[in-house]
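Biologist: Please take a close look at the surroundings of the ligand in this model, and then follow the elements that line it outward into the rest of the fold. I would appreciate one connected account.

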Amino acid sequence: MSIPATTSQVHGPAIQVQGLEKSFKQVTVLRGVDLAVPRGSIVALLGSNGAGKTTVVRILATLLRADTGTARVNGFDVATQAAEVRESISLTGQFAAVDEILTGRENLVLVARLRHLRQPGAIADELLRRFSLTEAGGRRVATYSGGMRRRLDIAMSLIGNPPVIFLDEPTTGLDPQARIEVWQAVKELARGGTTVLLTTQYLDEAEQLADRIAILHEGRIIVDGTLDELKKLLPAAEVEYVEKQPTLEDVFLSLVGAPKEQEQR
Ligand SMILES: Nc1ncnc2c1ncn2[C@@H]1O[C@H](COP(=O)(O)OP(=O)(O)OP(=O)(O)O)[C@@H](O)[C@H]1O
Ligand SMILES: [Mg+2]
């Protein structure tokens, strides 16, 4: 079954950001961020701690106002059409926003009810299936692993079928196996045509998932391109880091065993 959409699709890029600036008192965080995210793509916003990734996401999700600049999400202006933007998006923060006492299925049914969708049970079952949580669906979330929790969180964000999804550091704090599970879930989203903007500090995560990678540094997007384009641009030291991380992960996974249903690219 298909999950009913809350908003209609609008033409043009899913996300269009121009000249975004934001300061918190004396601290200038964004100094003119420009970014375009094509519809149906996965774009990774990469940057170190404090670079301003969450700030960008919060502005795009209408939780925070920019000082200057414009941002459109699903064709709607975040400043003047906040309600339409909110109907077009879902935001999954770094810490899973699931209810521990409820089962996975109950969490999904609850959100579907809150969104006034018909057949909340059928929607929950479909999402449990898509995110390989059918067996765990009847168990309390308190018994879930970090990866399962995050997968459930992402499944919850899909309810209402928003065309644009923001994932703020979806795998920070997860072990390599759980990260691969979450990556599979994100790829699943993009296969369904959803636009995904994710933030990450992990180069390998961007490498695994993203069609395009934008690097936020000192308040601006200093590069934006495909992995191949970036590899040609980045200084050697940073490329070394890209290569080291997967190698360690490969060792870990070969010793511990990769998760089931693994779909490596
Ligand atoms: N509400 C706020 N008030 C004051 N300063 C803030 C506020 N929100 C963010 N900042 C500051 O803005 C900067 C960017 O923060 P932000 O959370 O966007 O970074 P980030 O790239 O998401 O970092 P991380 O990788 O650690 O999540 C930081 O210096 C932070 O202290
Ligand atoms: Mg952040």
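Modeller: The model is a predicted one. Around ligand 1 lie Phe24, Val27, Val29, Gly47, Asn49, Gly50, Ala51, Gly52, Lys53, Thr54, Thr55 and Gln201. By class, this shell comprises seven polar residues, four nonpolar residues and one charged residue. Two elements, β2 (27-37) and α1 (53-60), each contribute at least two residues to the shell. The largest share, three residues, is supplied by α1.

From the shell one may turn to β2 and its sheet. Strand β2 belongs to an open sheet of four strands, ordered β2-β1-β4-β5 and paired in antiparallel fashion. In that sheet β2 and β5 (76-77) are the edge strands, each pairing on one side only. The partner of β2 is β1 (residues 15-24), to which eight bridges join it in antiparallel orientation. Within this pairing, Gln16 has Ala36 in β2 as its bridge partner, and Glu21 stands opposite Arg31 of β2. The hairpin formed by β1 and β2 has two residues between the strands, and Lys25 there adopts a positive phi near 50°.

A second sheet is also present. This open sheet contains six strands in the order β6-β7-β8-β3-β9-β10, with mixed pairing. Its edges are β6 (89-92) and β10 (220-225); each has a single partner strand, so one side of each is left without a neighbour in the sheet. On average, neighbouring strands of this sheet are turned by 15° against each other, direction ignored. The edge strand β6 runs parallel to β7 (residues 164-168), and four bridges join the two. One pair of bridge partners is Ser90 and Ile165, the latter in β7. Helix α6 (residues 176-191) packs on this sheet, where it touches β3 (42-46), β7 and β8 (195-200); the direction of α6 makes about 150° with that of β8.

Strand β7 also contains Phe166. This residue counts as buried because 26 C-beta neighbours lie inside 10 Å, where 20 or more suffice. Leaving aside residues up to four places away in sequence, Phe166 touches Val57, Leu60, Ala61, Ile89, Leu91, Thr92 and Leu197. Thr92 is 74 residues from Phe166 along the chain, yet their C-alpha atoms are separated by 6.2 Å.

Leu60, one of the contacts of Phe166, leads to the nonpolar interior. In soluble globular proteins, nonpolar side chains tend to be buried together. Here the largest nonpolar core has 72 residues, and Leu60, Leu108 and Val186 are those with the most contacts inside it. Val186 touches Ile42, Leu167, Pro170, Val196, Leu198 and Leu209, again not counting residues up to four places away in sequence.

Leu108, also among the residues with the most contacts in that core, directs attention to helix α3 (residues 104-114). The buried residues in α3 are Gly104, Arg105, Asn107, Leu108, Val109, Val111 and Ala112. What covers them includes α4 (120-130) and α5 (146-158). Just after α3, His116 takes a positive phi of about 55°.

Key:
Residues are numbered from 1 along each chain as its sequence is written. Chains are lettered from A and ligands numbered from 1 in the order in which they are written. This is a predicted model: local features need pLDDT of at least 70, side-chain atom pairs count only at pLDDT 80 or more; totals for chains, interfaces and linings use all residues. A residue is near a molecule or strand if its C-beta atom, placed from the backbone, lies within 6 Å of it. Ala, Val, Leu, Ile, Met, Phe, Trp, Tyr, Cys and Pro count as nonpolar, Asp, Glu, Lys and Arg as charged, and the others, Gly among them, as polar. A nonpolar core is a set of buried Ala, Val, Leu, Ile, Met, Phe, Trp, Tyr and Cys residues joined through C-beta atoms within 7 Å. A residue is buried if 20 or more other C-beta atoms lie within 10 Å of its own, exposed if 12 or fewer, and partly exposed in between; C-beta atoms are placed from the backbone. Two residues are in contact if their C-beta atoms, placed from the backbone, lie within 7 Å. Two strands pair if DSSP finds at least two bridges between them. Axes are lines fitted to C-alpha atoms, for helices over the stretch in contact, and angles run from 0 to 180 degrees between N-to-C directions.
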